[in-house]
Amino acid sequence: MRDFTAARLRGVEPSATVSIADKAKQLVAQGRDVIDLSGGDPHFKTPRHIVEAAHHAMLEGDTHYAPSRGVPQLIRAVQQKFSRDNGLEYAADEIVITPGGKLGLYATIMATVDPGDEVLLLSPAWVSYEPEVRLAGGTAVYVPLEPEDYRITPAVLRSVRAPRAKVLVFNTPNNPTGRVATEEEIRAVAEFAQERDLLVISDELYEKLLYDGRRHLSIASLPGMRERTVTINGASKSYAMTGWRLGYLGAPRELASQILKIQQHSVTSAATFTQFATAEAIESSEEDVRAMLREYERNRSLVVESLSSMDGVRCPCPEGAFYAFPSIGERDSVEFARKLLDESGVAVTPGVAFGPTGEHHVRISFAVATRTLERAMERMRDALAG
Ligand SMILES: Cc1ncc(COP(=O)(O)O)c(C=O)c1O
C-alpha cells in the first residue's frame, strides 16, 4: 500500500510543548508524581463572571453557528479594545474572531505565504511558527538573537540573508524568553519591514502579562505599519481561558477578507457562546488580570532566585509572559528535559524546540501554584546536584 501522508507534512514534527504536556499527563494517570512546568496554561480558573456569561449565552440559545467573522458584540468589544489599549482603529470588517490565536496565526500564514516564500522568525521563537510556515509551503529563516539579552538591533536584522522574505513574525512579550521588546527595538523591526517590504504578523498573546511597570506597544500603531501588519491576540493567556479556544485579529480589510475565507472553509467560526464570554472578559476583567499578575510576579521571583542559585544555571529575569528560559551550561536540552521528567518527575520544555539558539536552555512555565513551583525547584536543584 502507498504512503497516504501528504508531502507537505514531511519534516513537520509534533508540537514539542504539547507532546511533553501529554507525556506528563500520561505519567500522572499512571500514578506518578509529576509536576508539569512544560505547558503554557495558567493554573487559575477562568474568572466566574466570564463562565457565567457563557452559561447565560447557552441558556439563551446561543448554541448555533455564529457569523463566520464573529458575533457583532465581540467584534465591537475587540474594536474598542484595540483602540483603547493599542491605539489601533479597525473597522468591523478588519477584525476576525478565530478559534484560538493559533488558528489566527495559521490562517494568516496560509493566506499570505506561497511555496518558496521565506518567513523570518526571530530566534528563539515559539514552537508552532516554523511548522505552520512549512505547512503553507514556505521556508522559515531564523534570525538568531544573542542569548546574552536577545536584543533586536538593525544590524542583527540586516545580517539575515533571505532574498525571498515576504513575512516577519514578531512576538512580544516573548515566548519562550520572557523578553519584552523596547520601543527602540520595535521601531527597528518596523523600519526593517518597510525597507524590505515585509508583512509583519504581530503575535501579542501575552500583552497583558508585563512586569515592573513595562508597557506594551503594538507595532501596527507605528507610522506606516498598520497596512502591513496583522495583529494577533486572544483570550487564553490574559484571562486563563486556554480551553475556550478564542483568538482575534486585526488586519487591513483586503487581507482580513482573505484570512476569513480560510476560516469559512475550515472551521466556519469560533464557538458562539465562547464569543459572548470573551466579550465579557475583554470588557470587565481588569481586576482579575491584576490579581493573576500579582501571583505570577511572586512566582517569577521564586523561579529566578532558585534557578540562579543552582549549579551551572543562568536565569535572566523575565520581563513579561510567564516563562523563565534559563541556560543550562553545555547540557543537551532534550536529554536534560528527558532525564528531569523520568528521574525527578518535573516536566520542562527543551530549548531546542524554539529554534537553534534555544539549545542549552529549557523553558519553565511559572503559571502554577507557588507551592508546586517550590517543590519543582527543590527537585531540580537535587537533579542538578546529583
Ligand atoms: C506565543 C504564542 N502565540 C500564540 C499562542 C496560541 O494561543 P491560543 O491558540 O491558545 O490563543 C500561544 C500559546 O501557547 C503562544 O505561546
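**Figure 1. Helix α4 (residues 101-112) is the top contributor to the shell around the ligand, giving three residues.** The model is predicted: local features need pLDDT of at least 70, side-chain atom pairs count only at pLDDT 80 or more, and totals for chains, interfaces and linings use all residues. Residues are numbered from 1 along each chain as its sequence is written, and side-chain values use heavy atoms, with hydrogens and water left out. Helices (H or I, at least four residues) and strands (E, at least two) are DSSP runs, numbered from the N terminus. The ligand is surrounded by 14 residues. The closest are G101, N175, D203, Y206 and S236. A residue counts as near if one of its heavy atoms lies within 4 Å of the molecule. By class, the shell has five nonpolar, five polar and four charged residues. Here Ala, Val, Leu, Ile, Met, Phe, Trp, Tyr, Cys and Pro are nonpolar, Asp, Glu, Lys and Arg charged, and the others, Gly among them, polar.

**Figure 2. Polar contacts of the ligand with K102, Y206 and K237.** A polar contact is a pair of N or O atoms within 3.5 Å. K102 uses its backbone: a polar atom there is 3.0 Å from a ligand oxygen. Y206 uses its side chain, where an N or O atom is 2.7 Å from an oxygen atom of the ligand. A polar side-chain atom of K237 also lies 2.7 Å from a ligand oxygen. Taken alone, the ligand exposes 400 Å², and the protein buries 93% of that (Shrake-Rupley method, 1.4 Å probe).

**Figure 3. Two cis peptide bonds, S123-P124 and N175-P176.** Most peptide bonds are trans. Between S123 and P124, omega is about 10 degrees. P124 sits in the loop between β3 (118-123) and α5 (129-135). Between N175 and P176, omega is about 20 degrees. P176 belongs to the loop between β5 (165-171) and α7 (183-195). N175 is also one of the residues closest to the ligand.

**Figure 4. Positive phi at D212.** Most residues other than glycine have a negative phi. Phi of D212 is near 55 degrees. D212 lies in the loop between β6 (199-203) and β7 (229-234).

**Figure 5. The fold behind the close-ups: 12 helices and 12 strands.** The radius of gyration, taken over C-alpha atoms, is 20 Å. The globule rule (2.2 Å times the number of residues to the power 0.38) gives 21 Å for 386 residues, so the protein is as compact as a globular protein of that length. Along the principal axes, the C-alpha atoms fill a box of roughly 60 × 60 × 55 Å.

How values were computed
Polar contact = N/O pair within 3.5 Å; in protein donor to acceptor, adjacent residues only side chain to side chain.
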